[in-house]
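Biologist: I want the reasoning behind each label, not just the label. Shall we go through it together?

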Amino acid sequence: MADVENLNSVPASEDTEYGFKRPEMYSTNIANSITSYARHVFVLYKTPEAWLSHVEEEGLPQRFATLLKDRKSDLLVQTKLNVCEGGGSDGDVLIFPDMIRYKGVKDTDVEGFFEDVLVNGKPWSSGIQEEISGTFVFVCTHASRDKRCGVCGPVILERFKQEIDSRGLSDQITLKRCSHVGQHKYAGNLIIFCPDSAGKITGNWYGYVTPDDVPELLDQHIAKGEIIQRIWRGQMGLPGGEAEKVHEQKVIPNGNGVVKEESKGFTGGCCQGSNGVSCCQDETPKPEPIKKEVKKCTIWFQPLDKEELYIGAAVVGAIATIAMAFTFFKRSG
């Protein structure tokens, strides 16, 4: 389709340096390239064209960013902050995976909002909590921060719009342009919040995304909950170092297919104990070497108490008496 071809295109003068044909594309394994966190806050604020390079250094975003930094130890869970386009709703706040929205938070409200919602985990006392539903796709288009995001992001966003419209999903999927999410070199970058196969809201990050990946993201990830491994960066809620284990199974050939890449003879499993203590167990451990010990005689001859001595003496005496009587009987006979 001509329209799709146009949406996939970036001006040749920019494509090889900032676009999808730049040499760094696919040059790095990006799985597990995000830090562990459990909550994502998006503040609706102006438009990407009006954002500073560090948009968190002005206005409402600055108020949130300052509190997040100063009160990090007070938070219930590790929290990330991003800005997304306001679209006439500046001051609204979206929180994932809670799937809630608060409208019209002002500069003077931020401290109270932060205390109620993010520190104490309660509804905001000065606002109304609204539930949101469906899928949310945030595409980084923060051009003033990095041109790669400014070149790739808008093209990906337009392809999403076209594919969503053609599938009749406009009422189920919300698209938002967002600020820098980290690692410009992985542009196009995006985050998808949607229910998994069990209905749990997950936040999955993708990098090196091109417009050609959009149909697959819609049909596989959003529709079926299947991770697209080759462009997957990680998932909200997974502890550090665990993301790759959950979504990526290393395999080696065994001649008849594939098997898990495990230590030879291992049939056990691992779990994560408290305070980072591992409780891994191997069901076929190596046998411990036999230790040779010299046993003391006291192990075999335990000391007797007084009562046992009396009983023993009586038994010996009785045996001696019987023996003497038997000898005397034989002589007299």
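What follows is a talk about how the labels on this predicted model are reached.

Biologist: What does the secondary structure of the protein come to?

Modeller: The protein has 8 helices and 12 strands. Of its 333 residues, 38% are buried.

Biologist: Why is Cys 140 called buried?

Modeller: Buried means under 20% relative accessible area. Cys 140 has 1% relative accessibility, so Cys 140 counts as buried.

Biologist: And what makes Cys 149 buried?

Modeller: The relative accessible area of Cys 149 is 2%, and the cut-off is under 20%, so Cys 149 is buried.

Biologist: Why is there no bond between the sulfurs of Cys 140 and Cys 149?

Modeller: A disulfide needs cysteine sulfur atoms within 2.5 Å. The sulfur of Cys 140 has its closest cysteine sulfur in Cys 149, at 3.7 Å, so the pair is too far apart for a bond. From the side of Cys 149, the closest cysteine sulfur is that of Cys 140, again at 3.7 Å. The search of the whole structure finds 0 disulfides.

Biologist: Why is strand 8 described as largely enclosed by the rest of the structure?

Modeller: Strand 8 spans residues 190-195, and 5 of its 6 residues are buried, so the label follows.

Biologist: How do you know that strand 8 and strand 9 pair?

Modeller: Pairing takes at least two bridges. Strand 8 and strand 9 (residues 201-206) have 6 bridges, in the antiparallel sense. One of the bridge pairs is Leu 190 with Tyr 206. The two strands form a hairpin with 5 residues between them, and Gly 199 in the turn has a positive phi of about 90 degrees.

Biologist: What makes strand 6 a partner of strand 8?

Modeller: Strand 6 (residues 135-140) and strand 8 have 4 bridges, against a threshold of at least two, and the sense is antiparallel. Val 137 has Ile 192 of strand 8 as its bridge partner.

Biologist: Which residues have the most contacts inside the largest nonpolar core?

Modeller: They include Phe 138, Leu 190, Phe 193 and Tyr 206, in a core of 53 residues. Strand 6, strand 8 and strand 9 are among the elements that give two or more residues to this core. Helix 5 gives the largest share, 8 residues.

Biologist: Which residues is Tyr 206 in contact with, beyond its neighbours within four places in sequence?

Modeller: Among them are Leu 190, Ile 192, Leu 217, His 221 and Trp 232. Contact means heavy atoms within 4.5 Å.

Technical notes. Residues numbered from 1 in each chain as written. Predicted model: local features only at pLDDT ≥ 70, side-chain atom pairs only at ≥ 80, totals over all residues. Heavy atoms only, no water. Buried < 20%, exposed > 50% of the residue type's maximum accessible area, 1.4 Å probe, protein only. Core = buried A, V, L, I, M, F, W, Y, C linked by side-chain atoms within 4.5 Å.
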